[in-house]
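Welcome, and thanks for taking a look at this model with me. Please have the sequence and the 3D view open side by side as we go.

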Amino acid sequence: MTFAVVFSISFKEPLAKHQGTDYMLDFNDETIAHLFGAEDAENEQPERLKEYFFRNKAYDSLKADLPIRVLVGYKGVGKSALLKICHLEDLEEDVISLWVRPNDVFGSINTEAGSFLQLIENWKVGLSTLIVRKALEGCDLFDEASKVEKITGGVRHILGSLYERLQSYSGAQSQDVAKLVKRFTQEKKIRVYLDDLDRGWEGRLSDIKNISALLNAVRDMAGEDRRVQFRIGLRTDVYHLVRTSDESTDKIESNLVWLAWSNHEILATMVKRVSTFFGEDRSQESLVSLQQSDLALLLEPIIDVRFHGRGRWENIATRRILMTLTRKRPRDLVKLFYYSAKEAHKHDSEKIRSTHLQNIFVRYSNERLTDVINEFKTEVPRLKDVLLGMRQTKKEREQGIGPIFDDGQLVAKLKTVLNSGNITFSNGDPMTPIALARFLYRCDFITARLDKENEITRLHFSDNQLLAEPKAHFGFKWEIHPAYRWSLEPQHANEIPAFELGE
């Protein structure tokens, strides 16, 4: 039993033909979508999502029996997928679990108020009413749901109203719904998932106040009764703006769940998607225990294990290229496979070859630059000008400056960028080269880099937030992430940008 209509697709022909040890793939759109998974978890078939879903530490935190969990992470790290899988598991465990979409919220809650306290109250009343209505709809009581008027008076009125209504219909539902009703009448637990609420986010004061009011409202409601639980997904940039604009949000800090990945985990997630597509049963634990070189061998049915290009990348492990271009976001690796599989299909190839990868690097780079602009332009409205201003000039190239900078070189570069126009932070914070450097580090445009003999260590903001502090000097240099290099050097689009590959 679910609370949503699920559309299933039956494939008339096998997506892959197994011949001995070789897989013959036709990389058409249907195959690609099923092989690598939907880009949007809400549009993924639930059974397929369950097959390939990868449970990291954030999963355990989100599943904890606590009233509030706020899942925070960058775009593309899998927040929606994690929320969705927990929601589906709740349904299987007969918990009244509600999936709330942006149109549900903003169609039910009065976001206009004369004061912030009134705005919080509007959210509490709107959420209370929405919870009762959606819970009744989930129990197939649509007529009863349509009769629900505003629920005021706090959480006890949510539980009381719902209990009373369900009791009166206890014998009228299907067996599955009756089972759910029985469990609710015993435990009276409701779990509410709110995802994608930052859709259309522009970083305006009204946007910030609404998210802040939401966080305050759920804290008040969960504080009244722990049996009404909330699971909320927020982008990193949205949470940062709200947190720095409203001091009351410090009380929500203990409920945060940060979603972050290692490159090893990201590669293992792709192997799991591919393995389950071919019907192979490999446990998550067994995959994580493998070396990256061994994980890459499990992808050999669909992609060249070695890169057969020319120049500095000739005959190196393909996985090293893929993981170097991935910004610690699973969606980045999915995009690389999506684009290159489509390129393989264009050339009637049953396998992704090195030439297919090389043909899509420029597109991939352009899309990732667009991603970071769209994700963080609410904080720096002229972010596009900032990023394009980070291109290496002819003089810098001759002097060997960029795309790797020491502290002094980075500050000098950013001074030049700031002198080019009116570049400001939307929240009014002072804009300085050092402040801008920290911002670029936080949005993963630049990463910290430490060279040791034959080893390169790259750290992202999620790995160590203190590296970009003005008074902290740890010996790291700053590197424009390789994912953006082709986009910043369009005149060399057919060349491989000069960056060393990680492991």
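Which elements each supply at least two residues of the lining of the second largest pocket? They are strand S3 (68–73), helix H11 (236–245), strand S7 (256–258) and helix H21 (433–442). Helices (H or I, at least four residues) and strands (E, at least two) are DSSP runs, numbered from the N terminus.

A word on the ground rules. This is a predicted model, in which local features need pLDDT of at least 70 and side-chain atom pairs count only at pLDDT 80 or more, while totals for chains, interfaces and linings use all residues. Residues are numbered from 1 along each chain as its sequence is written, and side-chain values use heavy atoms, with hydrogens and water left out.

**The chain as a whole**

The chain has 22 helices and 13 strands. Of its 503 residues, 53% count as buried (under 20% relative accessible area, with exposed meaning over 50% and partly exposed in between; 1.4 Å probe, protein chains only). Among contacts (heavy atoms within 4.5 Å) with a separation of 6 or more, 71% join residues 24 or more positions apart.

**Two pockets**

A pocket here is an open set of points on a 1 Å grid over the protein atoms alone, where a 1.4 Å probe fits, with protein on both sides within 12 Å along at least five of seven lines; lining residues have an atom within 4 Å of a point. Grid points are joined across faces, edges and corners, and a volume is the space filled by probe spheres set on the points.

The largest pocket has a volume of about 930 Å³. Of the 44 residues that line the largest pocket, Glu39, Gly76, Gly78, Ser80 and Arg331 are the closest to its centre. Elements that give two or more residues to this lining include helix H4 (79–92), helix H12 (263–277) and helix H16 (330–346).

The second largest pocket holds about 740 Å³ of space. Its lining numbers 32 residues, and the closest to the centre are His240, Arg438, Arg442, Phe461 and Gln465. H11 brings the largest share of that lining, with 6 residues.

The classes of lining residues are set out below. Ala, Val, Leu, Ile, Met, Phe, Trp, Tyr, Cys and Pro count as nonpolar, Asp, Glu, Lys and Arg as charged, and the others, Gly among them, as polar.

| Pocket | Nonpolar | Polar | Charged |
|---|---|---|---|
| Largest pocket | 15 residues | 8 residues | 21 residues |
| Second largest pocket | 15 residues | 8 residues | 9 residues |

**Nonpolar cores**

A nonpolar core is a set of buried Ala, Val, Leu, Ile, Met, Phe, Trp, Tyr and Cys residues joined through side-chain atoms within 4.5 Å. The largest one has 98 residues, and Ile302, Phe337 and Leu440 are among those with the most contacts inside it. Leaving aside neighbours within four places in sequence, Ile302 is in contact with residues including Leu25, Phe36, Val274, Phe337 and Ile352. Apart from the largest core lies another, of 53 residues, with Ile96, Ile120, Ala217 and Tyr239 among them.

**Some individual residues**

Asn263 lies in helix H12 and is buried, with a relative accessible area of 17%. A polar atom of the Asn263 side chain lies 3.4 Å from the backbone oxygen of Met323. Not counting residues up to four places away in sequence, Asn263 touches Gln292, Met323, Thr326 and Lys328.

Arg227 sits in the loop between helix H10 (205–224) and strand S6. Arg227 counts as partly exposed because its relative accessible area is 34%. Its side chain makes a polar contact with the side chain of Asp225 at 2.8 Å (a pair of N or O atoms within 3.5 Å; within protein, one must be able to donate a hydrogen and the other to accept it, and residues adjacent in sequence count only if both atoms are side-chain atoms).

**Backbone points to check**

Most residues other than glycine have a negative phi, and most peptide bonds are trans. Asp196 has a positive phi of about 65 degrees, and Asp348 has one of about 55 degrees. Asp196 is partly exposed at 24% relative accessible area, whereas Asp348 is exposed at 72%. The peptide bond from Gly402 to Pro403 is cis, with omega near 0 degrees.
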